[in-house]
Amino acid sequence: MVKNKQIVDTTLEQAREWGDAQYLEDGLVLTDRISSASFPKEPTRLNYILMALCRRGRAQYSIDTRQQDVKPGDLLFISERHIIDNFTASSDFECLCILVSTQFYHGFVQNVRNVSSLLLFSMNNPVVQLTPHEIQVYSNYYRTIREKMSEDTHHYRIEVVKALMLAMFYDMSGVIYRVEQSSSKGQSRADVIFAEFIQLLEQNFRVERRVSWYAKQMGITPKYLSEIIKQISKRTPNEWIDNYVVLEIRVMLKNSSKSIKQITEELNFPNQSFLGKYFKEHVGVSPSEYRRK
């Protein structure tokens, strides 16, 4: 069991050393040579988001102690903080891998619902068999994004890559819809609680940020809610709340002409100073600096 072993953290910087990796300093790595990666023998916590299409060979691994089997045509999706262990692969195992830092991911998503839908889906479906058309779509995006990443002289290279990543995300969201429509797999009580919490959070994070409030709406104690959310997602309820609020501020700063005063009022902060300190604590720069970047 994972709890009896020492857990090793792995970073996006380490993934840059994988064979034939193409990367952006901002937080994106693409590689089709995962066989050259050095996987620790210990349980490994990912500090990035991993999406990979298996092209050939086979692999096995456990994610949060649940065994997964991968074959050609399978799409893997693992969100950050989840723990990979017992990884084994055939000698010809190859994937088209896209590794994204959370900060880079938040830089191209344009709606908080986009974040939750993919994360919720990946928790219940870490490996999905794609259709031939979906395989072609993913492969085309991979090649195009990799090509654009290599164009060092392109003035808008990062903006183009982010736009392509967003388009790919929406295309892959079609996979989510297809699988969810055809799935008859039942959810555990913990899964139901987590999904209900995320739904409530999406509807109310702009005005309500107390864990106790969400627990009350769900008819459970804050302690029980915290235990379940941590168990399922590896994040606390407070971390989820902060994640939604910070992402919304990012989106409003980058994709609207609203003043910081308007954003403060819409997100129910006491004043601009409080919002500024909150944002800088989580992002590292002030709202004004972030808008100018």
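Five strands make up an open sheet whose order is S1-S4-S9-S6-S7 and whose pairing is mixed. The model that shows this sheet is a predicted one. A second open sheet holds six strands in the order S2-S3-S10-S5-S8-S11, with antiparallel pairing, and the largest pocket encloses about 590 Å³ of space. The points below take up the two sheets, then the pocket, and then a few single residues.

**The five-strand sheet**

- Strand S1 (8–10) and strand S7 (66–70) are the edge strands of the five-strand sheet, and because each has a single partner strand, one side of each is left without a neighbour in the sheet.
- From one strand to the next, the twist of this sheet averages 35 degrees.
- Strand S6 (residues 59–63) is paired with S9 in the antiparallel sense, and four bridges connect the two; among the residue pairs, Ile-63 has Ile-84 as its bridge partner in S9, while Gln-60 has Thr-88 as its bridge partner in S9.
- S6 is also paired with S7, again in the antiparallel sense, over five bridges, and in this pairing Ala-59 is found opposite Val-70 of S7.
- The connection between S6 and S7 is a hairpin with two residues between the strands, and Asp-64, which lies in the turn, has a positive phi of about 55 degrees.
- S6 is mostly covered, since four of its five residues are buried.
- Strand S4 (residues 44–46) is joined to S9 by two bridges, with the two strands paired in the antiparallel sense, and Thr-44 of this pairing has Ile-84 as its bridge partner in S9.
- Ile-84 of S9 is therefore named in two bridges, as the partner of Ile-63 and as the partner of Thr-44.**The six-strand sheet**

- Strand S2 (22–24) and strand S11 (127–129) stand at the edges of the six-strand sheet, each with a single partner strand, so that one side of each has no neighbour in the sheet.
- The twist in this sheet averages 15 degrees from one strand to the next.
- Strand S8 (residues 74–78) and S11 run antiparallel and are joined by three bridges; one of the residue pairs is formed by Asp-74 and Gln-129, the latter being the bridge partner in S11.

**The largest pocket**

- The lining of the largest pocket is made up of 19 residues, and those that lie nearest its centre are Gly-107, Phe-108, Lys-162, Lys-254 and Tyr-290.
- Helix H2 (102–108), helix H5 (157–182) and helix H9 (237–255) are the elements that give two or more residues to this lining.
- Sorted by class, the lining of the largest pocket contains eight nonpolar, five polar and six charged residues.
- Domain 1 (8–182) and domain 2 (189–292) each supply at least three residues to the lining of the largest pocket.

**Residues with a positive phi**

- Most residues other than glycine have a negative phi, and the residues in this group are read against that background.
- Asn-86, which has its place in strand S9 (residues 83–89), has a phi near 55 degrees, a positive value in a residue other than glycine.
- The relative accessible area of Asn-86 is 44%, so this residue counts as partly exposed.
- Lys-234 lies in the loop between helix H8 (222–233) and H9, and although Lys-234 is not a glycine, its phi is positive, at about 65 degrees.
- With a relative accessible area of 24%, Lys-234 is partly exposed, because the partly exposed class covers values between the buried limit of under 20% and the exposed limit of over 50%.

**Ser-273 in helix H11**

- Ser-273 is located in helix H11 (residues 272–283), and its relative accessibility of 43% places this residue in the partly exposed class.
- Ser-273 and Ile-260 are 13 residues apart along the chain, and their C-alpha atoms are separated by 9.9 Å.

Conventions
Residues numbered from 1 in each chain as written. Predicted model: local features only at pLDDT ≥ 70, side-chain atom pairs only at ≥ 80, totals over all residues. Heavy atoms only, no water. 1 Å grid on protein atoms, 1.4 Å probe; cavity = no way out; pocket = protein on both sides within 12 Å on 5 of 7 lines; lining within 4 Å. Points joined across faces, edges and corners; volume = space filled by probe spheres on them. Nonpolar A, V, L, I, M, F, W, Y, C, P; charged D, E, K, R; others polar. Domains from an automatic or database assignment. Buried < 20%, exposed > 50% of the residue type's maximum accessible area, 1.4 Å probe, protein only. Pairing = 2+ DSSP bridges. Axes fitted to C-alpha atoms, helices over the stretch in contact; angles between N-to-C directions.
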